[in-house]
Amino acid sequence: MKKIGIADTTFARYDMYSSAEDELNSQGTGFVIERYTVPGIKDLPIACQKLIGKGCDIVLALGMPGPEDIDKRCADQASRAILDVEIKHDVHILEVFVHEDEAGDLTELGELADKRTREHALNAYDLLYRPERLEKMAGTGQREGHPDVEYIRR
Amino acid sequence: MKKIGIADTTFARYDMYSSAEDELNSQGTGFVIERYTVPGIKDLPIACQKLIGKGCDIVLALGMPGPEDIDKRCADQASRAILDVEIKHDVHILEVFVHEDEAGDLTELGELADKRTREHALNAYDLLYRPERLEKMAGTGQREGHPDVEYIRR
Amino acid sequence: MKKIGIADTTFARYDMYSSAEDELNSQGTGFVIERYTVPGIKDLPIACQKLIGKGCDIVLALGMPGPEDIDKRCADQASRAILDVEIKHDVHILEVFVHEDEAGDLTELGELADKRTREHALNAYDLLYRPERLEKMAGTGQREGHPDVEYIRR
Amino acid sequence: MKKIGIADTTFARYDMYSSAEDELNSQGTGFVIERYTVPGIKDLPIACQKLIGKGCDIVLALGMPGPEDIDKRCADQASRAILDVEIKHDVHILEVFVHEDEAGDLTELGELADKRTREHALNAYDLLYRPERLEKMAGTGQREGHPDVEYIRR
Amino acid sequence: MKKIGIADTTFARYDMYSSAEDELNSQGTGFVIERYTVPGIKDLPIACQKLIGKGCDIVLALGMPGPEDIDKRCADQASRAILDVEIKHDVHILEVFVHEDEAGDLTELGELADKRTREHALNAYDLLYRPERLEKMAGTGQREGHPDVEYIRR
């Protein structure tokens with residue numbers, strides 16, 4: 001039995017957690033989910049660490065940075081600290097950030113958040129249970145949330 | 001009995017500490033507050049660490065960066081180091097920064113500082129005593145100091 | 001028998017792994033290759049650490065950042081965390097990043113990715129088996145992927 | 001008997017050390033000063049650490065970054081590493097940086113450097129011997145080197 | 001007998017190592033030099049750490065970043081990681097970076113690289129054998145590679 005951690009925020013404008021939970025459950029069984037909700041994006045690194053402290057084998061960090069410059073800087077700092085937590089504990093944390101200005105309106109933003117979260121939940125599942133699936137897709141222009149891009153065949 | 005740390009600065013133009021103390025006391029009992037005042041925003045990370053060293057279960061880092069580019073850079077560095085302290089000690093530090101150029105005049109700045117500090121004091125209380133309250137608000141566009149924003153209902 | 005780690009991504013638009021493997025095999029024997037594929041560039045630092053955990057004596061981190069500003073920032077953060085992993089474990093990790101906007105079209109991008117990967121695979125081989133070769137080339141304007149540049153003779 | 005460390009540079013254009021020493025001696029007794037001079041601003045973090053290694057209870061890091069973009073970047077990196085040293089050793093390091101472009105001419109620059117250094121030397125003394133003095137000034141817009149600013153009375 | 005480490009790169013366009021070696025030998029005896037050549041500037045931090053691992057008492061990190069924005073960012077990351085290595089091991093590493101766009105042509109670049117390297121080699125020697133020499137020059141506007149600047153006499 002594996003444990004998958006999901007950290008999310010009250011700052012986000014979409015319930016990304018439910019997308020991740022639903023996608024994970026659609027992929028298979030053999031895991032339990034542990035959730036940890038924090039106020040904002042800068043609280044995600046410590047939330048991820050606390051989930052690892054509870055025995056999570058992999059963690060999804062879900063956040064939606066705002067459109068202002070200060071929001072971008074906060075997101076960058078959170079990203080950097082998430083990397084620190086990964087390295088400290090040798091555990092994968094998949095950062096799923098959806099920037100508000102990636103979408104034209106609130107509906108589009110919700111669709112993007114749902115899609116990106118699901119695709120990264122799938123990545124988490126693959127890293128945990130079937131890494132050979134990722135190896136087969138190496139160098140093929142995979143994108144999460146947006147359409148995959150053209151790649152160069154050898 | 002829990003201990004809540006509050007770090008603040010002589011650089012700030014508003015007594016954010018009293019807002020935090022008042023809000024915490026209005027939420028409940030069962031905690032004591034430990035305070036540590038330092039000169040400027042870059043002294044907050046070490047102040048937070050010293051509060052953790054004194055047994056604080058959670059810390060509020062209160063600061064008011066000035067409007068110049070150098071002030072922004074200092075605030076960014078303080079933020080980054082606060083994240084380091086959180087990860088090192090596995091303790092939440094809620095950063096409450098109020099940027100001088102977020103408000104039109106000094107009165108507005110004071111109101112913003114009071115409101116943001118209170119809302120983060122409430123977040124600290126929730127993280128400590130009722131995390132389920134945060135989980136219920138996940139993905140609902142909560143903002144501290146400013147009005148909450150519209151969110152996407154599933 | 002030495003072990004060479006290669007981390008790559010599904011985000012990349014070219015199979016850089018095969019270039020590295022082919023080049024290494026063309027240089028000599030006495031090593032095995034361990035591979036680890038992750039979704040994106042920010043997952044490379046932890047992938048490198050996991051390869052080091054499996055006993056790799058040196059690691060190649062292969063990635064292709066996109067052309068947007070956010071892609072550049074992600075790449076910078078990945079670079080920084082790769083440096084952290086190197087220092088933590090005292091193991092060389094050669095970062096092989098090919099930025100999408102370094103090339104005019106997809107074909108050119110593939111050629112650049114192939115060439116840079118090969119030249120860094122050669123660097124890895126030299127660091128491991130013949131460091132005196134690097135010492136002889138010190139200060140001679142070596143470039144990976146692009147033509148070497150003129151240098152100042154003493 | 002406490003020990004106060006002072007790190008300074010040959011790059012600076014003013015003897016900040018003497019200002020710090022003079023101010024500290026004017027505040028009281030019961031301490032000795034340990035000095036460490038390094039070439040440039042990026043050497044200050046390791047200088048501070050070496051002073052802490054010699055038993056300093058608090059450290060002043062005195063530097064004068066040049067006016068170019070590269071100088072700013074160097075100063076930012078030094079600042080960041082000074083924060084690391086503080087957190088690693090749980091010792092306050094007061095950063096006293098005077099940027100060359102803060103003043104109109106060399107005389108003004110010297111006056112600013114003298115004033116800022118003295119005010120931070122006083123901060124160091126307060127942190128060490130009378131922290132209650134800082135607590136009383138919390139939120140009152142204190143500035144070092146420049147005139148204090150207006151603050152919001154509750 | 002002391003050991004001085006020198007890390008350099010194949011990316012550089014000038015043999016900075018020979019300038020450092022020649023200058024050190026002209027200052028005195030009682031030390032041996034250990035050299036470590038790596039491909040690029042981002043490999044310098046790990047190279048410095050490996051030199052420290054071989055017992056070096058001080059290290060010179062010699063590099064020549066290119067003129068592009070990506071080169072500047074790489075240099076910044078290398079600088080930051082060099083600071084990390086210094087702090088981790090409590091050993092001075094003098095960063096000697098010569099940016100390609102500091103000089104008008106290749107000849108001038110070579111002269112600048114030679115001069116800066118020699119002046120930092122002298123700094124390394126002073127830190128190791130005669131720190132009082134640096135203390136006497138504190139606050140006197142020393143510049144490495146370029147002419148020293150005017151300073152403010154007390």
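**Helix 3 of chain B and its neighbours**

Author: In this predicted model, the buried residues of helix 3 of chain B are covered by parts of several chains, including helix 2 and helix 3 of chain A, helix 2 (44-53), strand 3 (58-63) and strand 4 (93-97) of chain B, and helix 3 (69-89) of chain D.

Reader: Which residues of helix 3 of chain B are buried?

Author: Among them are Cys74(B), Ala75(B), Ile82(B), Leu83(B) and Glu86(B). Residues are called buried because 20 or more other C-beta atoms lie within 10 Å of their own.

Reader: What makes the span of helix 3 of chain B close to the one expected?

Author: Helix 3 of chain B has 21 residues and reaches 31 Å from its first C-alpha to its last. At 1.5 Å a residue, 30 Å is expected, so the two values are close. Just after this helix, Asp90(B) takes a positive phi of about 55°.

Reader: How many residues does each chain bring to the contact between chain A and chain B?

Author: Chain A gives 31 residues and chain B gives 23 residues. On the side of chain A, the largest share, 6 residues, comes from helix 3 of chain A. By class, that side of chain A has 13 nonpolar, 8 polar and 10 charged residues.

Reader: Why are chain A and chain B said to be related as by a five-fold rotation axis?

Author: A rotation of 72° with 0.0 Å of shift along its axis superposes chain A on chain B, with an RMSD of 0.0 Å. The two copies are therefore related as by a five-fold rotation axis.

Definitions and conventions:
Residues numbered from 1 in each chain as written. Chains lettered and ligands numbered in written order. Predicted model: local features only at pLDDT ≥ 70, side-chain atom pairs only at ≥ 80, totals over all residues. Contact = placed C-beta atoms within 7 Å. Helix = DSSP H or I, 4+ residues; strand = E, 2+ residues; numbered from the N terminus. Nonpolar A, V, L, I, M, F, W, Y, C, P; charged D, E, K, R; others polar. Least-squares fit on C-alpha atoms with pLDDT ≥ 70 in both. Buried ≥ 20, exposed ≤ 12 C-beta atoms within 10 Å, placed from the backbone.
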